[in-house]
Each structure stands twice: as C-alpha cells, then as structure tokens.
Amino acid sequence: MIEFPAEPYRIKSIERIRQIPRSERERLIREAKFNIFKIRAEDIYLDFLTDSGTSAMSDNQWAGLLTGDESYAGCRNYYRFEETIRSITGFKHIIPAHQGRAAEHLMFSTLIKPGDKIPSNSHFDTTRANIEYAGAEAVDLVIEEGKDPSASHPFKGNIDTDRLEDFIKKNGPGQIPFGMLTITNNSGGGQPVSLENIKKTSEILHSHRIPLILDACRYAENCYFIKQREKGQSDRSVRDIAGVVFSYADGCTMSAKKDGLANIGGFIGTNDDNLHEKLTNAMILVEGFRTYGGLAGRDLEAVARGLEEALDEAYLSHRINQVKSFGELLLEAGIPIVVPTGGHAVFVDAASLLPDFRREHYPGWALSVALYREGGIRACEIGGIVFGKKGEDGREVFPPLELVRLAIPRRVYTESHFRYAASIFKRITENKSMVRGLKITYEPEYLRHFTVEFKEL
Ligand SMILES: *Cc1c(COP(=O)(O)O)cnc(C)c1O
C-alpha cells in the first residue's frame with residue numbers, strides 16, 4: 001500500500017466540485033473540438049491542467065488581502081513584497097508584474113536583439129515564445145539523462161555545461177545577451193537543477209561576461225530537492241540554499257502563481273541599475289507603475305505572504321512527497337511515468353504507454369482527451385502539440401518526449417482524489433482503444449495548444 005504523507009494543514013473552507021455524467025463529458029469534449037482548454041472548469045472533476053495560480057491560499061494570505069493598500073503609487077504592500085523578495089533572492093531591484101510571462105516579455109523585449117540566441121536547460125513554452133517573438137532563438141541544452149524518461153539521475157534538470165561552453169565558443173558571446181536556467185525544469189518533467197550545476201553555469205557564463213537569468217517559478221521546490229539530494233546540503237535550511245542559488249544569478253523572472261502560492265502575480269529581480277531603469281520605464285506602457293506592476297495592492301500582499309509560506313519545510317516536504325506518492329500509485333497501475341518524479345507534477349510517458357500510436361496522431365493529446373471522457377480529469381499534453389513545429393518541408397518536427405502532465409495544485413487535493421485518478425488511468429490501460437488518434441483542423445501561429453482544434457480519427 002502506497003503511503004501518502006499527512007497534510008501539515010487542515011481544511012477551514014471547502015469548494016464544491018462535481019462529476020457530470022460521461023455522456024455530458026462526451027458532448028462537451030466534442031463541442032470543444034477536443035481542446036481541453038475550452039472546457040468550462042465547472043465541468044471538470046479533478047483539474048490537473050496546471051499548478052499555476054491554482055494553489056489554495058492560507059488563512060494568513062486571505063487575511064492579508066484585507067490589508068491591501070490600493071494607492072496608485074507607493075502602496076505599503078509593495079514595500080512588503082519588495083522586502084520579502086529581496087530577503088530571499090538578494091537582488092537589488094524587485095519589479096512586480098502581473099504574471100511570469102509579463103515579466104519575461106518586459107525583460108526579453110529590453111535585452112534581446114534579433115538574431116540572438118538564448119541557451120537554457122529547457123525553456124518553458126511562454127519563455128520560448130517570448131524569446132522567439134523578440135527575434136531570437138531559444139536553445140535547450142539539458143543533460144542527456146533529462147531527455148530519457150526512464151534514466152535515473154537526482155538532477156535531471158541540469159544543463160549540459162560542456163555543450164554550453166561549446167555553444168558559447170561557436171556563437172560568440174556577442175550573440176548571447178544572457179543565459180537562463182529554469183528551476184525546476186518544467187518542460188523537462190519538473191526536474192531539479194543541482195546547486196553545483198547552477199554554480200558551474202554561472203561561472204561559464206560570467207567568464208564570457210554573459211549574465212545568468214533564472215526562471216525561478218519553482219525555486220523553493222528546487223531548493224528542497226537540493227537539500228534532500230545534494231551532498232553537503234542537508235544541514236542547510238531551504239531558505240539559505242535559495243540565497244546561495246540566487247547569489248549565482250544576475251537576475252530572475254518569476255511567476256508567483258507557482259512557489260508564490262498566489263493566484264496571480266510575478267516579478268523580475270535584477271542587480272543591474274541600468275536595466276532596472278529601462279524596465280520600469282517600459283512597464284508603464286503595459287503593466288503599470290513600478291510599485292504595482294499590474295497587480296492590486298492586496299495581490300502583492302498575498303504573494304509576499306505566500307513566498308514566505310512556500311519556504312516552510314513542513315509544507316515543502318508534504319508537497320514533494322504527495323507528488324511522489326501519486327507517481328507511485330500510477331506506476332503500480334502500470335502507467336509509465338518520468339522517474340524520479342519532479343516537484344510539481346507527474347509526467348506520464350504517453351509514447352511508452354501507447355507504443356503503437358503514431359506521433360502524427362498526437363498520442364499525448366489523445367490520452368488527455370480520454371482522461372476527460374472517462375474520468376472528468378483534465379491534464380495537459382507536453383509533447384507534439386505543445387512543442388511540435390512545422391519543418392522546412394511542411395512536415396511536423398516532433399520533440400523528443402511525448403508526455404502528459406498531471407500538474408498538482410498546491411494544498412488542494414487529498415489522497416482519495418489521487419486514488420480516483422489512478423483508477424481512471426488503470427481503466428484506460430486495460431482498454432487502450434479508449435485513446436483515439438487526432439487530426440488538427442485549426443491552429444494559430446503561437447502557443448497553439450491554447451486554441452488548437454481537432455477531429456477524431
Ligand atoms: C508558469 C511558468 C512561466 C510563465 O508564468 P505565467 O505566470 O504563467 O505567465 C514561465 N516559466 C516557467 C518555468 C513556468 O512554469
């Protein structure tokens with residue numbers, strides 16, 4: 001019997017969810033043209049679409065909302081927000097943004113010129129899209145183990161530092177305005193990056209005068225893994241480890257919808273006075289004044305309090321072990337997953353689960369359709385649709401992995417929800433004809449998964 005960790009919190013307020021009949025779900029998924037993003041959340045029983053902005057806030061955060069100071073400039077919650085983030089990251093300037101991609105867009109449109117190349121372990125989809133939108137190329141240099149769903153390695157999110165060095169030699173630092181690391185590596189399976197790897201990356205980049213920018217959405221989960229898995233780190237607090245991690249970087253972008261335990265929010269951190277000035281001037285056009293950045297004063301307060309709570313090690317231990325236990329349940333049901341499980345999600349290896357399914361028929365997406373139809377579960381494909389691209393000859397070029405991500409909202413679901421989800425997976429593996437191939441009937445230019453439409457084959 002798989003043991004789930006006991007929650008370091010209790011339930012004070014509940015939100016009703018309901019399971020609509022299968023026939024209803026069948027009708028709705030057809031109407032949505034097999035795009036799970038178009039289903040109303042009310043018509044979903046368990047929503048594993050994302051861990052972003054879906055956290056349950058604490059009583060302390062809800063209480064903080066009432067202290068919101070909604071003054072246009074200089075609200076007190078901004079100063080608390082700034083102080084909290086500065087104390088965690090050590091960055092000199094903290095710039096609020098309404099979410100991660102707004103921070104990325106601001107940062108990238110200021111730093112990137114067309115033709116540039118931005119190396120990272122793996123770029124997240126909005127990060128990649130914002131880099132490409134600025135005319136640059138987003139280059140993934142994750143270690144080989146990070147591409148193999150069954151390879152065991154404690155830090156599968158690490159960047160390949162030899163390849164990074166070659167990449168800089170080949171392209172010249174003039175083409176590389178900054179390098180990035182995504183911690184944890186979302187697209188690569190929520191896998192952590194080691195402290196040693198962050199340090200080495202920083203040294204390589206800095207030896208060529210290239211700054212390191214962290215995509216820090218899940219830095220707290222990453223630092224917890226460092227404490228658990230990296231030699232010599234177990235006696236340090238997660239907060240201290242975070243301080244060291246950020247000290248190797250020159251700046252960061254972060255979505256507070258992840259390890260900020262908030263429903264909206266984000267920020268940029270930087271030590272560069274010049275960049276700070278450019279960003280705060282540019283943001284007035286799109287995000288607002290620099291002491292609110294597209295957020296209400298109360299949201300800034302919720303983020304500040306959430307960032308503190310996300311560093312609580314009892315919380316982090318429960319969080320990481322809940323994800324791990326869910327992964328073990330799926331393995332027990334015969335579902336191949338990316339191992340070891342990462343921080344925020346269990347990634348099902350759809351290519352191994354459905355070996356006879358052609359990539360052109362989008363097995364990962366098809367599995368996510370089956371999960372909704374059979375169990376009212378919403379999951380997100382991270383494979384051919386999210387990362388596939390049209391090649392020169394008009395044929396699709398598929399990414400190496402075909403995954404389905406079951407992202408786990410923070411502090412939201414209990415053990416019985418996970419057992420239910422595993423039972424639906426079991427039913428699907430026992431009758432794989434429930435997963436049906438798809439053909440695209442419509443797709444937009446960027447981030448196609450949000451609006452793509454299909455017909456079933
Ligand atoms: C969520 C996420 C982003 C974008 O943040 P949003 O708040 O969704 O705009 C960027 N990078 C990573 C790694 C993420 O997980």
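The following numbered points describe the ligand site, the sheets, the helix packing and some backbone features of a predicted model.

1. Ligand surroundings. The ligand is surrounded by 16 residues, and the closest of these are Q99, R101, D215, S255 and K258. For Q99, an N or O atom of the side chain stands 2.8 Å from an oxygen atom of the ligand. In D215, a polar side-chain atom is found 2.7 Å from a nitrogen atom of the ligand. R218 also takes part: one of its polar side-chain atoms is 2.8 Å from a ligand oxygen atom. A reader setting up the site may thus wish to view Q99, D215 and R218 together.

2. The sheet of 5 strands. This open sheet runs in the order β2-β8-β7-β6-β5, and its pairing is mixed. Strands β2 (93–97) and β5 (179–182) are at the edges with a single partner strand each, so one side of each has no neighbour in the sheet. From one strand to the next, the twist averages 15°. Within this order, β7 (residues 251–255) and β8 (residues 266–270) form an antiparallel pair over 5 bridges. In that pair, C252 is placed opposite G269 of β8. S255, one of the closest residues to the ligand, falls within the range given for β7, residues 251–255.

3. The sheet of 3 strands. A further open sheet has the order β9-β14-β11 with antiparallel pairing. Its edge strands, β9 (345–349) and β11 (380–382), each pair on one side only. Here the twist averages 35° from one strand to the next. Strand β9 and strand β14 (residues 403–407) are joined in the antiparallel sense over 5 bridges, and F347 faces R405 in β14. As general background, strands of a sheet pair through backbone hydrogen bonds, in either a parallel or an antiparallel manner.

4. Helices on the sheet of 3 strands. Which strands does α12 touch when it packs on the sheet? Helix α12 touches β9 and β14, and its direction makes about 25° with that of β9. Helix α14 (residues 363–375) also packs on the sheet, where it touches β9, β11 and β14. The direction of α14 makes about 45° with that of β14.

5. Contact of α8 with α12. Helix α8 (residues 219–229) packs against helix α12 (residues 313–332) at an angle of about 90°, and the axes are 10 Å apart. The two helices are therefore roughly perpendicular to each other. On the α8 side the residues are A220, E221, Y224, F225 and K227; on the α12 side they are E313, Y315, L316, S317, R319, I320 and N321. By class, this contact comprises 6 nonpolar, 2 polar and 4 charged residues.

6. Contact of α1 with α14. The angle between α1 and α14 is about 145°, and their axes are 7 Å apart. From α1, the residues R22, R25, E26, L28, I29 and R30 meet V369, Y372, R373, E374 and G375 of α14. The residues of this contact divide into 4 nonpolar, 1 polar and 6 charged. Helix α14 thus appears twice in this note, with α1 as a packing partner and with contacts to β9, β11 and β14 of the sheet.

7. Cis peptide bonds. Where are the cis bonds placed along the chain? One joins I183 and T184, with omega about -20°, and T184 belongs to the loop between β5 and α7 (195–207). The other bond runs from V339 to P340, with omega near -15°. P340 is in the loop that lies between α12 and β9.

8. Positive phi. F34 has phi near 60°, a positive value in a residue other than glycine. This residue is in the loop between α1 (22–31) and β1 (46–47). For comparison, most residues other than glycine have a negative phi, and most peptide bonds are trans. The backbone at F34, the bond from I183 to T184 and the bond from V339 to P340 may accordingly be inspected in the displayed structure.

How values were computed. Residues numbered from 1 in each chain as written. Predicted model: local features only at pLDDT ≥ 70, side-chain atom pairs only at ≥ 80, totals over all residues. Heavy atoms only, no water. Axes fitted to C-alpha atoms, helices over the stretch in contact; angles between N-to-C directions. Helix = DSSP H or I, 4+ residues; strand = E, 2+ residues; numbered from the N terminus. Parallel < 35°, antiparallel > 145°, perpendicular 65-115°, else oblique. Contact = heavy atoms within 4.5 Å. Nonpolar A, V, L, I, M, F, W, Y, C, P; charged D, E, K, R; others polar. Pairing = 2+ DSSP bridges. Near = heavy atom within 4 Å. Polar contact = N/O pair within 3.5 Å; in protein donor to acceptor, adjacent residues only side chain to side chain.
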